[in-house]
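Here's a quick briefing to read alongside the model. Have the sequence and the 3D view open as you go.

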Amino acid sequence: MPLPDTLECDTCETEVAGDEAIRRETIGDLDPMKWQTLCCPNCGNRLKTVFVGDE
Ligand SMILES: [Zn+2]
């Protein structure tokens, strides 16, 4: 799954480009090599969890 082009942060209402979002490990049991959480670079809010296993 490609990264989304843009994400919108509900918290600070910033539009974040997919490649500018901060990547973090997911919370929980998901494999961190396959799943990462994209976070807002402005406020740190979690935006989306994406599948990166095919990168
Ligand atoms: Zn934000």
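What follows covers the overall fold, the sheet, the hairpin and the core.

This is a predicted model, and its pLDDT averages 91 over the protein. Its secondary structure amounts to 0 helices and 5 strands. The radius of gyration is 11 Å, close to the 10 Å that the globule rule gives for 55 residues, so the protein is as compact as a globular protein of that length.

**Confidence and overall shape**

- A pLDDT of at least 70 is reached by 95% of the residues.
- Confidence is highest in strand E2 (residues 15-17), at 96, and lowest in E5, where the mean is 93.
- Going along the sequence, you'll read the pattern β-β-β-β-β.
- Taken along the principal axes, the C-alpha atoms fill a box of roughly 30 × 20 × 10 Å.
- Buried residues account for 15% of the 55 in the protein.
- If you look at contacts between residues at least 6 apart in sequence, 32% of them join residues at least 24 apart.

**The sheet**

- Three strands make an open sheet in the order E3-E4-E5, and the pairing is antiparallel.
- E3 (22-25) and E5 sit at the edges with a single partner strand each, so one side of each has no neighbour in the sheet.
- On average, neighbouring strands here are turned by 35 degrees against each other, ignoring direction.
- E3 and E4 run antiparallel and are joined by 4 bridges; on this side of the sheet, Glu-25 stands opposite Gln-36 in E4.
- In a regular strand, side chains alternate between the two faces of the sheet.
- E4 has Gln-36 and Leu-38 on its covered face, while Trp-35, Thr-37 and Cys-39 are on the uncovered one.

**The E4-E5 hairpin**

- E4 (residues 35-39) pairs with E5 (residues 46-51) over 5 bridges, in the antiparallel sense.
- To check the register, pick out Cys-39, whose bridge partner in E5 is Arg-46, and Trp-35, whose bridge partner in E5 is Phe-51.
- There are 6 residues between the two strands of this hairpin.
- Within the turn, Gly-44 has a positive phi of about 85 degrees.

**The core**

- In soluble globular proteins, nonpolar side chains tend to be buried together.
- The largest nonpolar core here has 7 residues: Leu-7, Val-16, Ala-21, Leu-38, Cys-40, Leu-47 and Val-50.
- What does Ala-21 contact, leaving aside its neighbours within four places in sequence? The list is Leu-7, Val-16, Leu-38, Cys-39, Cys-40, Pro-41 and Leu-47.
- Leu-38 links two of these topics, as it belongs to the core and also lies on the covered face of E4.

How values were computed
Residues are numbered from 1 along each chain as its sequence is written. This is a predicted model: local features need pLDDT of at least 70, side-chain atom pairs count only at pLDDT 80 or more; totals for chains, interfaces and linings use all residues. Two strands pair if DSSP finds at least two bridges between them. A nonpolar core is a set of buried Ala, Val, Leu, Ile, Met, Phe, Trp, Tyr and Cys residues joined through C-beta atoms within 7 Å. A residue is buried if 20 or more other C-beta atoms lie within 10 Å of its own, exposed if 12 or fewer, and partly exposed in between; C-beta atoms are placed from the backbone. Two residues are in contact if their C-beta atoms, placed from the backbone, lie within 7 Å. pLDDT is the predictor's confidence in each residue, from 0 to 100. The radius of gyration is taken over C-alpha atoms; the globule rule is 2.2 Å times the number of residues to the power 0.38. Axes are lines fitted to C-alpha atoms, for helices over the stretch in contact, and angles run from 0 to 180 degrees between N-to-C directions.
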